[in-house]
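Biologist: I would like to learn how to read a structure like this one. Could you take me through it, feature by feature?

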Amino acid sequence: MRTTRRSALVATAATAVLALGACSGSDPLDGGSASSDAIVVGSQAYYSNEIIAEIYAQALEAEGFTVERNFSIGQRDAYMPALEDGEVQLFPEYTGNLLQFFDPDATATSPEDVYAALQEALPDGLTVLDQSSATDQDSYNVTESFATENDLTSIADLADLDVPLTLGGPAELEQRPYGPQGLKDVYGVDVSFVATGDTTVQDLVAGTVNVANVFSADPRIQTENLVTLEDPEGLFLASNVVPLVNADLADEIADVINPVSAALTPEGLVALNVQSTEEQRSSADIAADWLAENGLA
Amino acid sequence: MNVFADAVAWIFSPDRLTGALPLPEAIWTHLAFTFVAVLIAAAVAIPAGWAIGHTGRGREIAVALSGAARAVPSFGLVLLLVLVLGVTHKVAASVTAFVLLAIPPILAGAYAGVEAVERRVVDGARSVGMTGRQVLFKAEVPLGLPLLIGGLRSATLQVVATVTLAGYVGNWGLGFYIVQGIQIRDFSQILGAALLIVVLAVVLDALFAILQRVVVPRGVAAGRAPDDAPARRRRRLPDPTTA
């Protein structure tokens, strides 16, 4: 009796181990059913990025390519290995942030310099197509009333203020080159830093911080009447939307994707985001309308 | 081992005393969140648990409610409460989430402790003329203390680990470094902060283990902490080889 029970236990344990092994062995990024000629388009877990990925996907489909969507993969750490392995072949990216990922000490800040430096920094097997004029980059914002009261138009104006400044943003901003240390080095602005996570804009509006790091294509800059401070010294890296693509595929799809990048403007990107956040439309619908409006599908 | 050496080096680096959240302040706020949440939860759950254990009424509701509360994801709750209460009340929002997490184990410890007191003891107390209140506070509560402290112990452990989430909404606790470390891919920072949380948890658990021993009323074996009870019973069993 005892031995039966023990062998049953061993069998259960072995099954569990095998099941676990099977779990860790299978790759969650592996589409599995992908036919070899399908182009796998990926996106970050960020609504704006997913809309652009959907635009790429539909533009390719309109030209007769077979496309497989692998959206909301997460952040760069999560999806970059899949791109380098060729499991994902096309991905909407942002020049500045992508450059910083591959070269943390990058010094380029203007759109052209960043694009050139990025082409140097990319690993073999990956390349970028033409960059778009649309940007989605970090920017420092203040409320309209705070800007008028203190006559602010540029980050440099912050240096003359007597008011104690509190900068809000995601926790990692504290360590970024454009964070509190960068503000001090480049503009001579002293700020204390508060991690405001996902509620940065709400914190700025509520007044718990008076300077906030918001992505430049965030619709709330318009809806909440925020003022984006100019960055004459180039503290922030330009971060234009750019298609990151598997090098083997680049020539084949360049004629389809480059016109999309050319048609996507900064204002256009904000408008796409508004349709998602304010009107709650799906990225597929937003992308289809946008392609039709721009005569690309 | 190199990873751990880097993490320890991160903990003891002089840079930890500067920045948006110096390390001592992170440890202090981490503990403060933990204690405040457990204290509030205890103030709510202990009287309720004693009442349930003493009267035997409302047990099903308490079990169902505290069981359901365990299923609430704390991360979602913290963010939801921050949005509901507004960003100016982030501390209140986070503490509320941790209180809700701490209530079920304390409630269970309080009523289980009172309920587990032997019927004969309660009858005896009543038969010497104790009032209901005296039975509760002179017999049931002291005898139930080890289980109550056990409830507080597991509540504190859960909360000290979960306070990490406060780092998502502000410059509080050791979770701040983990949230930041993941984004900047600084693994020694993530591990260093995680190790400190482990240390806090182990130290708090050890304190409660001592407390749990101390509060056992003299001469009561039945009320011993559940983890040393089986050992005693086994020792008392007659040895089959000599029988």
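Modeller: Gladly! Keep in mind that this is a predicted model. Let's begin with one residue, N225(A), which is exposed because it has 12 other C-beta atoms within 10 Å, and a residue with 12 or fewer counts as exposed.

Biologist: Where is N225(A) found?

Modeller: N225(A) sits in the loop between α9 (220–223) and β9 (226–228) of chain A. Look at its backbone too: N225(A) is not a glycine, yet its phi is positive, about 55°.

Biologist: Which other residue that is not glycine has a positive phi?

Modeller: Try D151(A), with a phi near 60°. D151(A) belongs to the loop between α6 (144–150) and β6 (165–169) of chain A. D151(A) is exposed, because 9 other C-beta atoms lie within 10 Å. For a glycine, turn to G86(A), just after α3(A), where phi is positive at about 85°.

Biologist: Now the other end of the scale. Is V163(B) buried or exposed?

Modeller: Count neighbours again, this time with the cut-off for burial, which is 20 or more other C-beta atoms within 10 Å. V163(B) has 29 C-beta neighbours inside 10 Å, so V163(B) is buried. Notice that V163(B) lies in a loop, the one between α7 (132–162) and α8 of chain B.

Biologist: What does V163(B) touch, leaving out residues up to four places away in sequence?

Modeller: Its contacts are H30(B), F33(B), T34(B), F98(B), G173(B) and G175(B). You can also compare sequence with space: V163(B) and I197(B) are 34 residues apart along the chain, and their C-alpha atoms are 9.5 Å apart.

Biologist: I197(B) sounds like a good next stop. Which helix has it among its buried residues?

Modeller: That is α9(B), whose buried residues are Q189(B), L191(B), G192(B), A193(B), I197(B), L200(B) and Q212(B). To see what covers them, look at their surroundings: these include α1 (2–12), α2 (23–55), α7 and α8 of chain B.

Biologist: How do I read the span of a helix?

Modeller: Compare the end-to-end distance with the value expected at 1.5 Å a residue. Helix α9 (residues 187–214) of chain B has 28 residues and spans 41 Å from first to last C-alpha, close to the expected 40 Å. In chain A, helix α11 (residues 266–277) has 12 residues and spans 17 Å, close to the expected 16 Å.

Biologist: Which residues of α11(A) are buried?

Modeller: They are L269(A), L272(A) and N273(A). Now look down the axis of α11(A): these buried residues fall within an arc of 95°, so they line one face of the helix. Their cover includes α2 (47–62), β10 (241–246) and α12 (283–293) of chain A.

Biologist: May I try another helix in the same way? Which residues are buried in α3 (residues 76–85) of chain A?

Modeller: Here you should find R76(A), Y79(A), M80(A), A82(A) and L83(A). Around the axis they cover an arc of only 165°, so they are on the same side of α3(A). The buried residues of α3(A) pack against β1 (39–42), β3 (90–94), α4 (95–102), β4 (126–128) and β10 of chain A.

Biologist: Let's step back to whole chains. How many helices and strands does chain A have?

Modeller: Chain A has 12 helices and 10 strands, and 39% of its 297 residues count as buried. The domain assignment splits chain A into domain 1 (39–135 + 238–293) and domain 2 (138–228), with C-alpha centres 27 Å apart.

Biologist: And what is chain B made of?

Modeller: Chain B has 10 helices and 0 strands. Of its 243 residues, 40% are buried. A UniProt record, an unreviewed entry, places "domain: ABC transmembrane type-1" at residues 27–208 of chain B. Over that stretch the chain is 83% helix, and its end C-alpha atoms are 19 Å apart.

Biologist: Finally, how many residues of chain B are in contact with chain A?

Modeller: 18 residues of chain B are in contact with 16 residues of chain A. On the chain B side, α4 (74–85) and α8 (175–184) are the elements giving two or more residues, and α8(B) gives the most, with 5 residues. By kind, that side of chain B divides into 9 nonpolar, 8 polar and 1 charged.

Methods: Residues are numbered from 1 along each chain as its sequence is written. Chains are lettered from A and ligands numbered from 1 in the order in which they are written. This is a predicted model: local features need pLDDT of at least 70, side-chain atom pairs count only at pLDDT 80 or more; totals for chains, interfaces and linings use all residues. UniProt positions are given in the numbering used here, feature names are shortened, and annotations may be inferred rather than shown by experiment. Helices (H or I, at least four residues) and strands (E, at least two) are DSSP runs, numbered from the N terminus. Domain bounds come from an automatic or database domain assignment. Two residues are in contact if their C-beta atoms, placed from the backbone, lie within 7 Å. Ala, Val, Leu, Ile, Met, Phe, Trp, Tyr, Cys and Pro count as nonpolar, Asp, Glu, Lys and Arg as charged, and the others, Gly among them, as polar. The expected span of a helix is 1.5 Å times one less than its number of residues. The arc is that of the directions from the helix axis to the C-beta atoms.
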